[in-house]
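Let's take a walk through this model together, one region at a time. Please have the structure open and ready to rotate as you read.

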Amino acid sequence: MHPGQQVEFHGSCGHLIPAPAGRAGRDVSCPQCHQVVRVPAPGVPYAAPDSVPAGAVEPVALTALYVMALFGGLVGAWLIYLVMFDEFSESDLVAITPLWFFPIVFGLYGLISQRLLRRSATRRAGTLAEAARMSITVAAPWALLLIFPFLVLKWRSSLLVSLVAVVFWAVLLWLFFELLFPIL
């Protein structure tokens, strides 16, 4: 085997994935869908023997839902605060905050929990807490605020984590508007 030799194989996602032959037995990301797959030994062109375990990758439709919710929430906030801000009273702005805030929370927590679950399932992290600590190391300590629920929630469903995160942030938002906002 030459040092620069490439192996091409079809991942469990169906895409043709090129990888250096020296990476056989190691995990790589599919360049098209970013699904984690294991590089097979040279000579096994249509197999990905130890790909991501079943259940580690949630349906693409769920990922699309998270992306659309996140994008919709960001566009909504942009429209409200940068385009139509003068058209709303203070009480109107308070009342419409959930319309952009909750989609952002739902989408963000959904995407992050999918990533943490994938890390845990591919054994790059033993537990969800370990996967969360890895993310904090990569993203910076401020990320702890965003992924706090993952340190205490042990569910294996990004949808459940997203829904609980929305409820968690709804309570915090309500407390802010009821207790702190009137004082400001």
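Is Arg38 buried, partly exposed or exposed? Arg38 has a relative accessible area of 24%, so this residue counts as partly exposed. Before going further, please keep in mind that this is a predicted model.

Arg38 is a good place to begin, as it forms a salt bridge with Asp27. The closest N and O atoms of the two residues are 3.0 Å apart. Side chains of opposite charge can pair when their charged atoms come close. Asp27 is partly exposed as well, because its relative accessibility is 21%, and the cut-off for buried is under 20%. Follow the backbone and you will find Arg38 in strand 4 (residues 36-38) and Asp27 in strand 3 (residues 27-29), so the salt bridge ties together parts that are eleven residues apart in sequence. When the whole structure is searched, one salt bridge is found.

Now let's turn to the nonpolar interior. The largest nonpolar core is made of 18 residues. Ile80, Trp100, Phe101, Val105 and Phe106 are the members with the most contacts inside this core. Which elements give two or more residues to the core? They are helix 1 (60-83), helix 2 (90-121) and helix 5 (158-180). Helix 2 supplies the largest share, with eight residues.

To see some of this packing, centre your view on Ile80. Leaving aside residues up to four places away in sequence, Ile80 touches Phe85, Phe88, Leu93, Ile96 and Trp100. Another core, of nine residues, lies apart from the largest one. Among the residues of this other core are Ile17, Ala19, Val28 and Cys30.

Helix 2 has a polar residue to show you too: Gln114 is found there. Is Gln114 buried or exposed? Its relative accessibility is 6%, so Gln114 counts as buried. What does its side chain contact? The side chain of Gln114 makes a polar contact with the side chain of Thr63, at 2.9 Å.

Finally, let's look at the surface. Val167, Phe168, Val171, Leu172, Trp174, Leu175, Phe176, Leu179, Leu180 and Ile183 form a nonpolar patch there. Together these residues have about 940 Å² of accessible area. One of them, Leu172, is found in helix 5, a helix that also gives two or more residues to the largest core. Leu172 counts as partly exposed because its relative accessibility is 34%.

Technical notes: Residues numbered from 1 in each chain as written. Predicted model: local features only at pLDDT ≥ 70, side-chain atom pairs only at ≥ 80, totals over all residues. Heavy atoms only, no water. Core = buried A, V, L, I, M, F, W, Y, C linked by side-chain atoms within 4.5 Å. Buried < 20%, exposed > 50% of the residue type's maximum accessible area, 1.4 Å probe, protein only. Helix = DSSP H or I, 4+ residues; strand = E, 2+ residues; numbered from the N terminus. Contact = heavy atoms within 4.5 Å. Patch = residues over 30% accessible without salt bridge, like charges linked within 9 Å, V, L, I, M, F, W, Y side chains within 5 Å. Areas by Shrake-Rupley, 256 points an atom, 1.4 Å probe, with all protein chains shown as cover. Salt bridge = Lys/Arg side-chain N within 4 Å of Asp/Glu carboxyl O. Polar contact = N/O pair within 3.5 Å; in protein donor to acceptor, adjacent residues only side chain to side chain.
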